[in-house]
Amino acid sequence: MFGAGGSALGLVSAWSQRAAGASAKTNQFPRGAAIRTLLKDLPPSALANGATLFHEHLSIDLPPTRPGRGTPPPPATADVDLMIREVATAGQEGVVCIVDGGHPDMGRNLDNLRRIAMNTSVHIVAGTGYYMQRTYPADLASKSEDQIADELAREVNRDGLGAFGEIGQSANGAELTPDERKVFRAVGKAHLRTNLPIFTHNAYGTGPDVPREAGLRQLDVLESVGVKPQHVAIGHTCCLDDPKAEIIREIAKRGAFVGFDRVTGGFVPDDKKVTMVLAFLDAGYADKLLLCSDFTGRRTTARPGYGNTLTVFVPKLRQAGVPEATLHAITVDNPRRLLAFVPKKARPKNA
Ligand SMILES: [Zn+2]
Ligand SMILES: [Zn+2]
């Protein structure tokens with residue numbers, strides 16, 4: 001894994017120093033910063049004792065990809081009692097917080113998420129937004145950017161939501177559709193009105209038309225309305241076969257987080273993901289990497305539950321020589337830094 005002639009020890013110690021630097025930065029949250037879980041706002045220090053998974057699905061029911069192909073079997077997440085057991089298991093495996101990356105156009109049920117949050121010790125953060133062209137409600141096309149932004153900001157304040165995401169683009173899309181671009185700009189504006197973080201969905205791995213730079217183009221659109229990259233995680237980058245980490249280094253260089261959010265699944269095998277992570281860490285970006293699995297509750301041998309980032313993927317990084325301090329910074333500190341924000345409005349008492 002380490003270049004010929006390069007000292008593994010040297011690299012490891014450089015990574016540790018960077019991780020220590022990342023941790024030190026992490027512990028300096030802005031005054032008044034909070035992480036908005038469904039049940040209450042928490043100081044970032046409340047999530048210092050375990051991993052936060054910034055993009056999973058605890059309540060999802062997507063329409064079929066191709067109309068006329070029939071409805072897919074109901075997702076495991078429809079069984080809330082099962083989800084409560086699954087999330088509790090993840091808690092035992094070291095997970096303290098899970099962000100649900102769904103929203104109404106993905107069939108997310110907020111009451112189900114609240115039940116899971118109330119019946120486990122794991123904190124749940126709920127996202128909002130719009131997924132991609134095929135899931136958009138019919139009236140979205142006639143709404144303006146500002147109208148969408150206003151509605152999203154109101155929803156955030158009404159329901160105690162903690163992030164915008166996942167917002168994305170169509171499978172095998174060469175670029176955002178005009179409506180998808182409008183949603184990205186509207187979410188950017190809703191961020192400016194609320195300070196909530198944003199995480200995206202990329203179409204990497206879904207077809208030959210998806211450009212390698214797609215994640216950078218998403219960041220361009222968000223920045224075009226004034227979003228600062230440190231409040232953004234560009235998602236599904238681990239589905240891009242990028243062994244030298246060229247694209248993700250560019251994303252991180254601009255200040256955004258890099259979402260390795262389909263570990264143990266997705267379109268690129270884990271061993272290639274490990275290679276990418278090592279190249280990324282070697283370039284000095286340990287403070288920009290986020291790990292999770294975009295899991296929807298269907299267990300397989302490779303994906304044994306919501307804790308699989310910690311039980312399956314992190315051991316592969318450890319095996320490849322990534323030091324413990326770096327792993328801690330990546331799984332515990334980086335997601336807190338993405339999620340922490342200074343609320344513009346006090347949380348309403350009933351939200
Ligand atoms: Zn996605
Ligand atoms: Zn997702």
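Along the sequence, the residues that donate to the zinc ion (ligand 1) follow the spacing E-x34-H-x34-H. In this predicted model, those protein donors are E166 through OE, H201 through ND1 and H236 through NE2, at 2.0 to 2.1 Å from the metal. E166 does double duty: the zinc ion (ligand 1) sits 3.5 Å from the zinc ion (ligand 2), and E166 coordinates both. E166 belongs to strand β6 (residues 163–168) and H201 to strand β7 (residues 198–201), so this pair links distant parts of the chain, 35 residues apart. Both side chains are out of the way of solvent: E166 is buried at a relative accessible area of 2%, and H201 is buried at 5%.

The strands that carry these two donors are part of an open sheet. It has eight strands in the order β3-β4-β5-β6-β7-β8-β9-β10, with parallel pairing. Pairing on one side only marks β3 (51–56) and β10 (289–291) as the edge strands. From one strand to the next, the twist averages 25°. As for β7 and β8, they pair in the parallel sense over two bridges, and I198 has V232 in β8 as its bridge partner. Helices pack on this sheet too. One of them, α3 (residues 110–118), touches β4 (95–100) and β5 (123–128), and its direction makes about 165° with that of β5. Another, α7, touches β8 and β9 (257–260), with its direction at about 140° to that of β9.

Turning to charged pairs, the count of salt bridges comes to 25. One of them joins E145 and R185, whose closest N and O atoms are 2.8 Å apart. Since E145 lies in helix α4 (residues 145–159) and R185 in helix α5 (residues 178–194), the pair ties together parts that are 40 residues apart in sequence. R185 itself is partly exposed, at 24% relative accessibility. A second example is R158 with D159, where the side chains meet at 2.9 Å, N to O. The two partners fall into opposite classes: D159 is buried at a relative accessible area of 12%, while R158 is exposed at 55%.

R212 and D242 form another salt bridge, this time at 3.3 Å, N to O. Here the partners sit in loops, R212 between β7 and α6 (214–224) and D242 between β8 (232–234) and α7 (246–253), so the contact ties together parts that are 30 residues apart in sequence. R212 counts as partly exposed, with 31% relative accessibility, whereas D242 is buried at just 1%. Beyond such individual pairs, salt bridges with shared partners join E145, D146, D150, R185, K189 and R193 into one network.

Disulfides are a shorter story, as the structure holds zero of them. A disulfide is a covalent bond between the sulfur atoms of two cysteines. For C238, the closest cysteine sulfur is that of C239, and the 4.9 Å between them is too far for a bond, given a cut-off of 2.5 Å. C292 has its closest cysteine sulfur in C238, and at 8.2 Å that is also too far for a bond. Both residues are tucked away from solvent, with C238 buried at a relative accessible area of 0% and C292 likewise buried at 0%.

Terms used:
Residues are numbered from 1 along each chain as its sequence is written. Chains are lettered from A and ligands numbered from 1 in the order in which they are written. This is a predicted model: local features need pLDDT of at least 70, side-chain atom pairs count only at pLDDT 80 or more; totals for chains, interfaces and linings use all residues. Side-chain values use heavy atoms; hydrogens and water are left out. Donors are N, O and S atoms within 2.8 Å of the metal (3.2 Å for Na, K and Ca); water is not among the atoms, so sites may look incomplete. Helices (H or I, at least four residues) and strands (E, at least two) are DSSP runs, numbered from the N terminus. Buried means under 20% relative accessible area, exposed over 50%, partly exposed in between (1.4 Å probe, protein chains only). A salt bridge is a side-chain nitrogen of Lys or Arg within 4 Å of a carboxyl oxygen of Asp or Glu. Two strands pair if DSSP finds at least two bridges between them. Axes are lines fitted to C-alpha atoms, for helices over the stretch in contact, and angles run from 0 to 180 degrees between N-to-C directions. Contact means heavy atoms within 4.5 Å.
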